[in-house]
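Biologist: Please walk me through this model. I will ask, and you reason it out.

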Amino acid sequence: MATPTTTIRIGTRRSALALKQTDLVIATLQRAHPHVRCEVHATATMGDRDKTTPLPELGKGLWTNELEAQLIERKVDVIVHSLKDVPTTLPEGCILGAVTAREDPRDVVIFSKVHGDKYSKLVDLPEGAVVGTSSVRRAAQLRRSYPGLVFRDVRGNIETRLKKCDEEGYDAIILAAAGLLRLDFGGRIAQYLDSTTEGGGLLHAVGQGALGLEIREDDEQLKELLGAVKDTPTMTACFAERSVMRTLEGGCSVPIGVETAWVEEEEDGEKKKKLQLRVVVVSLDGRRAVDGESTLEVATLEEAEAAGTKLAQRLAGLGAQQILDDINKGRDSGAALKVGDV
Ligand SMILES: NCc1[nH]cc(CCC(=O)O)c1CC(=O)O
């Protein structure tokens with residue numbers, strides 16, 4: 001049990017989105033545990049400081065390494081992360097103590113203000129229109145359905161990217177709905193993209209829209225306190241997604257999209273809740289793609305991970321491994337593109 005003097009030191013990045021997400025977690029924590037004191041320790045990570053080096057050259061953990069060092073050195077007790085920025089393998093002694101309920105996990109289209117309300121969907125854009133995204137997952141998937149569009153890098157935090165969209169010659173940019181909604185930019189969303197989008201959508205990043213709370217593995221008190229912010233269905237789905245990524249990524253970030261949903265299926269005259277998991281692996285030029293789906297009963301985080309691994313292994317055998325090997329060996333014709341999910 002928390003004593004009246006318990007103080008939780010919370011590590012976070014310094015961006016407006018990271019601070020907003022931290023506030024959301026603190027509000028929920030304090031509603032459940034009014035006597036707990038929360039202290040925010042904000043740090044700029046390598047990904048925040050270096051705005052020019054191509055993301056893959058910064059390596060994995062560019063949004064998380066400095067924060068994890070503080071956790072291990074006991075300078076902070078928990079880190080609030082955007083789960084999609086957290087590598088699938090955590091440092092020794094660190095675990096995800098909780099995953100929060102998900103904000104909308106989909107990617108969305110934002111049109112430049114210079115177009116007024118001329119466009120409302122990606123299909124409305126003319127041949128040669130410039131779409132900003134630095135994510136090969138987004139560009140590779142969209143190239144398949146919209147071969148006439150030109151994809152161009154756009155880096156920076158959400159406010160910077162919206163400004164660049166309006167002022168630097170982009171016709172549209174692609175961002176995650178979650179960040180926009182949390183920062184009250186929902187009004188800029190023109191179109192939601194998912195597997196059912198007419199004209200062609202895309203599958204979102206692993207963990208997108210959820211927050212991951214990383215703690216020291218032996219911190220039993222915090223594990224219990226975080227029960228107040230944990231959403232078990234989201235956590236379970238995200239463990240399956242992360243397991244897909246862990247199984248497939250052979251040492252480099254790869255264009256993998258996912259979608260998960262809890263569905264009811266009738267089996268032996270009984271209604272059962274099952275986890276539906278969809279995955280796509282795309283070549284960087286968007287010319288090749290392997291996709292697959294499984295719907296399984298999963299009761300625990302371990303079973304969720306097993307479901308993710310199984311589907312990933314099946315897709316690896318169906319050609320996903322070939323796509324990933326080609327990317328790793330630089331044989332993919334889109335290999336000059338920057339690999340990473342931003
Ligand atoms: N590193 C980029 C990043 N990390 C988390 C989010 C917000 C969405 C989320 O919580 O998944 C974003 C911005 C974006 O992709 O548009």
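**Around one threonine**

Biologist: Leaving aside its neighbours within four places in sequence, which residues is threonine 43 in contact with?

Modeller: This is a predicted model, so local features need pLDDT of at least 70 and side-chain atom pairs pLDDT 80 or more, while totals for chains, interfaces and linings use all residues. Numbering starts from 1 along each chain, as its sequence is written. A contact means two C-beta atoms, placed from the backbone, within 7 Å. Outside the four nearest places in sequence, threonine 43 is in contact with Gly11, Arg13, Arg14, Glu66 and Leu67.

Biologist: Where is the place of threonine 43?

Modeller: Helices (H or I, at least four residues) and strands (E, at least two) are DSSP runs, numbered from the N terminus. By that scheme, threonine 43 belongs to strand β2 (residues 37-43).

Biologist: Which is threonine 43: buried, exposed or partly exposed?

Modeller: Count the other C-beta atoms, placed from the backbone, within 10 Å of a residue's own: 20 or more is buried, 12 or fewer is exposed, and in between is partly exposed. Threonine 43 has 17, so it is partly exposed.

Biologist: How far apart in space are threonine 43 and arginine 314?

Modeller: In sequence, 271 residues separate the two. In space, C-alpha to C-alpha, threonine 43 and arginine 314 are apart by 40 Å.

**Two helices**

Biologist: What arc do the buried residues of α4 cover around the axis?

Modeller: Leu67, Glu68 and Leu71 are buried in α4. Their arc, which puts them on the same side of α4, is that of the directions from the helix axis to the C-beta atoms. It is only 100°.

Biologist: What covers the buried residues of α4?

Modeller: Look for strands. The cover includes β1 (7-13), β2, β3, β4 (94-99) and β10 (211-216).

Biologist: Which residue with a positive phi follows α4?

Modeller: Look in the loop between α4 (65-72) and β3 (78-82). The residue is exposed, with 10 other C-beta atoms within 10 Å. Its phi is near 60°, a positive value in a residue other than glycine. It is arginine 74.

Biologist: What is the phi of aspartate 268?

Modeller: Aspartate 268 sits in the loop between β11 (256-267) and β12 (270-282). It counts as exposed because it has 5 C-beta neighbours inside 10 Å. Its phi is positive, though it is not glycine: near 50°.

Biologist: Which exposed residues are on the face of α6 turned away from its buried side?

Modeller: Start with the buried residues of helix α6 (residues 158-167): Arg161, Leu162 and Cys165. They cover an arc of only 100° around the axis, which puts them on the same side of α6. Their cover includes β5 (107-111), β6 (130-132) and β8. The face turned away carries Lys163 and Glu167.

Biologist: Which glycine just after α6 takes a positive phi?

Modeller: The phi in question is about 85°. The residue is glycine 169.

**Domains and ligand**

Biologist: Between which domains does the ligand lie?

Modeller: Domain bounds come from an automatic or database domain assignment. It gives domain 1 (7-100 + 210-230), domain 2 (107-193) and domain 3 (238-328). Two of these give residues to the shell around the ligand, so it lies between domain 1 and domain 2.

Biologist: Which elements give two or more residues to the shell around the ligand?

Modeller: A residue is near the ligand if its C-beta atom, placed from the backbone, lies within 6 Å of it. In all, 11 residues surround the ligand, and the closest are Ser82, Leu175, Ala176, Ala178 and Gly179. Two or more come from each of β8 (172-176) and α7 (177-182).

Biologist: How many residues of domain 3 are in contact with domain 2?

Modeller: The C-alpha centres of the two domains lie 26 Å apart. Domain 2 gives 6 residues to the contact, and domain 3 gives 10.

**The whole chain**

Biologist: What is the radius of gyration of the protein chain?

Modeller: The chain has 10 helices and 13 strands. The globule rule (2.2 Å times the number of residues to the power 0.38, with the radius taken over C-alpha atoms) is the yardstick. It gives 20 Å for 342 residues, and the chain is close to that, so it is as compact as a globular protein of that length. The radius is 20 Å.
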